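Colleague: Can you walk me through reading burial and contacts in a model? Put it up and let's go.

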Amino acid sequence: MSDFHIFVIRAILAIVFAVVLARVFYPGAQIIYIAGLAIILAGLAYLAEYLRQRKK
């Protein structure tokens, strides 16, 4: 899989999880906060990959 495909998958999953988390814990959240949460989640996925690769 190319890096672009991995990015798209992570972005879609981050958006889905951000919407679910925001609607469960803060139903009145605006779209900008959900987008910010999605960006944070995607960034954490890349951070986890970096930390996992560093240990090898």
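Colleague: Is I9 buried or exposed?

Modeller: Buried means under 20% relative accessible area, exposed over 50%, partly exposed in between (1.4 Å probe, protein chains only). I9 comes out at 39%, so I9 is partly exposed. Keep in mind that this is a predicted model: local features need pLDDT of at least 70, side-chain atom pairs count only at pLDDT 80 or more, and totals for chains, interfaces and linings use all residues. Numbering starts from 1 along each chain as its sequence is written, and side-chain values use heavy atoms, with hydrogens and water left out.

Colleague: Where does I9 sit?

Modeller: Helices are DSSP runs (H or I, at least four residues), numbered from the N terminus. I9 belongs to helix 1, residues 3–25. A22 is in helix 1 too, but A22 is buried, at a relative accessible area of 10%.

Colleague: What does A22 touch, leaving out residues up to four places away in sequence?

Modeller: Contact means heavy atoms within 4.5 Å. By that rule A22 touches P27, A29 and I34. With the same sequence neighbours left out, A14 touches A38, L41 and A42.

Colleague: Which residues make up the largest nonpolar core?

Modeller: In soluble globular proteins, nonpolar side chains tend to be buried together. A nonpolar core is a set of buried Ala, Val, Leu, Ile, Met, Phe, Trp, Tyr and Cys residues joined through side-chain atoms within 4.5 Å. Here the largest one has 7 residues: A14, A18, A22, A29, I34, A38 and A42. Helix 1 and helix 2 (31–54) are the elements giving two or more residues to this core.
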